[in-house]
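Let's take a stroll through a protein model and look at its hollows, its sheets and a few odd spots in its backbone. Keep the structure open beside you as you read.

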Amino acid sequence: AQDSCSHQCGELLGTCSCQAMCQSLGICCPDYNEFCLQISPYSGSLMGGKDFLIENITLNTSVLTCRFKQKIKTSGYVGKDGKAHCISPLLYETGFVPFEVSTDDGLTFPYSGTWLSVHHSKVPDGEKCTLVNETKWQYYGTSNTDGNLTLTWTHQALTATHINIEVWGYQETGDSYSENWFAEWKYLYTLARETPNTGAFSFIPVPAKANYNTWDFGILRIIPSTYSDGQSNTPSVWSSAHALAWHLGEDFRNDPIAWATAKCIEWDRKEEKLPNFLEEITDCPCTLAQARADTGRFHTDYGCDLEKGSVCTYHPGAVHCVRAIQASPRYAAGQQCCYDSTGAQILTQDSTGGSTPDRGHDWGSPPFLKPPRIPGFSHWLYDVISFYYCCLWSDNCHFYLKNRPSSDCRTYRPPRAASAFGDPHFLTFDGLNFTFKGHGEYTLVESDLTSLRVQGRTQQACFPNGTEAQVTGLSAVAMQENNSDVIEVRYSDDLNLEVLLNQKVVNFSEQSWMDLKGLFLHSAADQNITVMFSSGSGVEIRGSGGFLALTVLLPEKFMNHTQGLFGVMNGNTEDEYTFKNKTTISVHASPQQLFEFGANWAVENGTSLFTYDTEFLLNNFFYGEKHNASFLPVFFPYEDPADPLVKEMVLLCDSDPFCRFDVLTTRSLQVGNSTRLSHQNHKQLVENLEPVISCGWLDHPTNGRNDGTNYLLGSAIRFICNQGYELIGSKERICQMTGVWSGEIPNC
């Protein structure tokens, strides 16, 4: 039917709509709720086996087929209450995956929705079974590690009286970095059969049968006993992926150090034959301040986080580590950077606590599905199990560090930042600031380099007494790069931040991090939204006193490739006020002239990224003018010495001109304070992103050692010879402005 959502969810039909925003506009097709599925929970591990409820339909059938990505079928069922359920499949990818439902044995699939597949480590602990004392499982059979092992789980997670516990192994077969390289999770054997579903199981592990005991990386799966061994896509509770020390063969148990040493040497030989991924990974930020400020390209490494007490098991001496967000282009490799309490980088060349890059990026990378891009598991195979062989089960860490040396920061270039906040004040990439109080929708920045577009909507603010002020502020920001998903962040009616993904509201109740098309999206607990595009550009948005505060970070490659209200990023402020037709006005332009410059960057309907899902937005921004020329703001607020607010303003704002301006125009100290904090944050960010000169790591002389591990501008490294040796050459070398060490190479 022309006005039916059967097979048409997400489409705009001739007479009605099957898009998510049809509900708030009241233009949905009559059967929208019947065919376009809402599910709970909406996310689960890429390992599959998660039972999810389809909330909005009741079916009078007992047979359901669920189909993911138009090819992977799993069986669904209808509960006693008539509600339909699907079981999620094993997927070798993360992100939103389309699914459909059939009620006629798979002939037609008229119902559809999306499922969010997430990295296995991002699944809440309650949904996994727990390896009690996980270290014991992963060291079992090494010295002083034996006895019982215990597995616990939430027994309500499976509606079964008896369960089976299975062992699965992960492998990648075929030729490395070729078309015929494949990933496989394989059922190995059943560890326990017909066990009561009590939520706990203990056993004394014995070496597995010969054809299984060579699998050293894997996972446990608990399923109802009614299913057959290794049956795919059944309701399941998985453990964490781990090193399978506990089931390895007698050869491991008899001499674990010799076994692990042999494995380590074999791994080292394999590495020598593989392409060198180190050449294409990005260098690390030079300082902890840079690493935490460059949020478009680096994100906290959960294994070593300053905000969570710096528990850095694998990196002794570090207080914080970050990982590069994007995998390297060709080999999908990952970068890690660790820092000590002084904020300096820790390198493996100096300390075992140094950061180690990864042949496989832990988060995987699009298009996923094949090695080396499988989220979590490719990384385990190349970078983690080898760490067990060389560093944890034997004392051969030098082999590991030889293949995974830290990168220093000689080629690192910090990004540039631009911000907008308050009664919109704009701070450009080149450091100019101005106030533009237009009412409408404007291009903040666009770039021909990656088709990046960031657009801002400004709306009128209200005085504390409820009347409208001649003041505007950012109320929504929308963005896209190349053909990525479109993200919009806006204030909802109840003044909470609302995020839209391709015009549909995103729910962060289950997942705060999402792998999307061309970008990653992160929502921090304090309503701080970060969008990380694949080019390395980043956008941060936070709610701030009724307006949005926005920061855009662009890597150096965007130099001379930007235009819009944030100006031309090229280190020269003279051309900041460049119009669409490339004409410019003086940096000393009057507020009225700046108003014309701003109006020139109004977006057009054809290029707007915004969602118009209410009558208000349609009338005021879609059908209305993109720049409301009849709205005239206050250009010069008057400071009346007799005004009691002025005294409080001086105390609050001190000399901050933006804070003073906003208190006077909005009559609100709260708005002024938010502006002051946003301005401070921006200044701090720019300071943290100042370039730092590094001369690179210095090797110690043969038969001697170095005193000092800081390789940044002004640092001195002294050389000390072993007893009986004498120093020839420079006793000390200093890192100079040119990025070159003073003196010459010493010898002992």
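Which element gives the largest share of the lining of the second largest pocket? That would be H7, with 8 residues. Before going on, a quick word on ground rules: this is a predicted model, in which local features need pLDDT of at least 70 and side-chain atom pairs count only at pLDDT 80 or more, while totals for chains, interfaces and linings use all residues. Residues are numbered from 1 along each chain as its sequence is written, and side-chain values use heavy atoms, with hydrogens and water left out.

**The pocket**

The second largest pocket has a volume of about 1700 Å³. Of its 47 lining residues, Glu134, Gly303, Tyr314, Trp380 and Val384 are the closest to its centre. Two or more lining residues come from each of strand S9 (130–131), helix H3 (134–139), helix H7 (377–392) and helix H8 (397–403). Here helices (H or I, at least four residues) and strands (E, at least two) are DSSP runs, numbered from the N terminus. Sorted by class, the lining of this pocket holds 19 nonpolar, 17 polar and 11 charged residues. In that sorting, Ala, Val, Leu, Ile, Met, Phe, Trp, Tyr, Cys and Pro are nonpolar, Asp, Glu, Lys and Arg are charged, and the others, Gly among them, are polar.

Why does the second largest pocket lie between domain 2 (129–254) and domain 3 (256–404)? Because both domains give residues to its lining. The domain bounds come from an automatic or database domain assignment.

**The cavities**

What's the difference between a pocket and a cavity? On a 1 Å grid over the protein atoms alone, a cavity is a set of points where a 1.4 Å probe fits but cannot get out, while a pocket is an open set with protein on both sides within 12 Å along at least five of seven lines; lining residues have an atom within 4 Å of a point. Grid points are joined across faces, edges and corners, and a volume is the space filled by probe spheres set on the points.

By this rule there are 3 cavities of 30 Å³ or more. Here are two of them, side by side:

| Cavity | Volume | Lining by class |
|---|---|---|
| Largest | about 90 Å³ | 7 nonpolar, 5 polar and 1 charged residues |
| Second largest | about 80 Å³ | 5 nonpolar, 4 polar and 2 charged residues |

The largest cavity is lined by 13 residues, and Gln345, Thr709, Asn710, Tyr711 and Leu712 lie nearest its centre. Domain 3 (256–404) and domain 5 (693–747) each give at least three residues to that lining.

For the second largest cavity, look at domain 1 (37–118) and domain 4 (416–631), each of which supplies at least three lining residues. Strand S8 (111–118) and strand S29 (513–516) each put in at least two. Among the lining residues are Thr94, His119, Trp363 and Trp513.

**Two small sheets**

Now for the strands, where two of them pair if DSSP finds at least two bridges between them. One open sheet has 3 strands in the order S17-S18-S19, with antiparallel pairing. Strand S17 (298–300) and strand S19 (336–339) are at the edges with a single partner strand each, so one side of each has no neighbour in the sheet. S17 is joined to strand S18 (residues 320–324) by 3 bridges, and Thr300 has Val322 in S18 as its bridge partner.

Another open sheet of 3 strands runs in the order S9-S10-S13, again with antiparallel pairing. You've met S9 already, in the pocket lining. S9 pairs with strand S10 (residues 149–152) over 2 bridges, and Leu131 stands opposite Leu151 in S10.

**Backbone oddities**

The peptide bond from Ser40 to Pro41 is cis, with omega near -10 degrees. Pro41 sits in the loop between strand S1 (39–40) and strand S2 (43–45). Pro371 and Pro372 are also joined by a cis peptide bond, with omega about 0 degrees, and Pro372 is in the loop between S19 and H7. Finally, Gln503 is not a glycine, yet its phi is positive, about 75 degrees.
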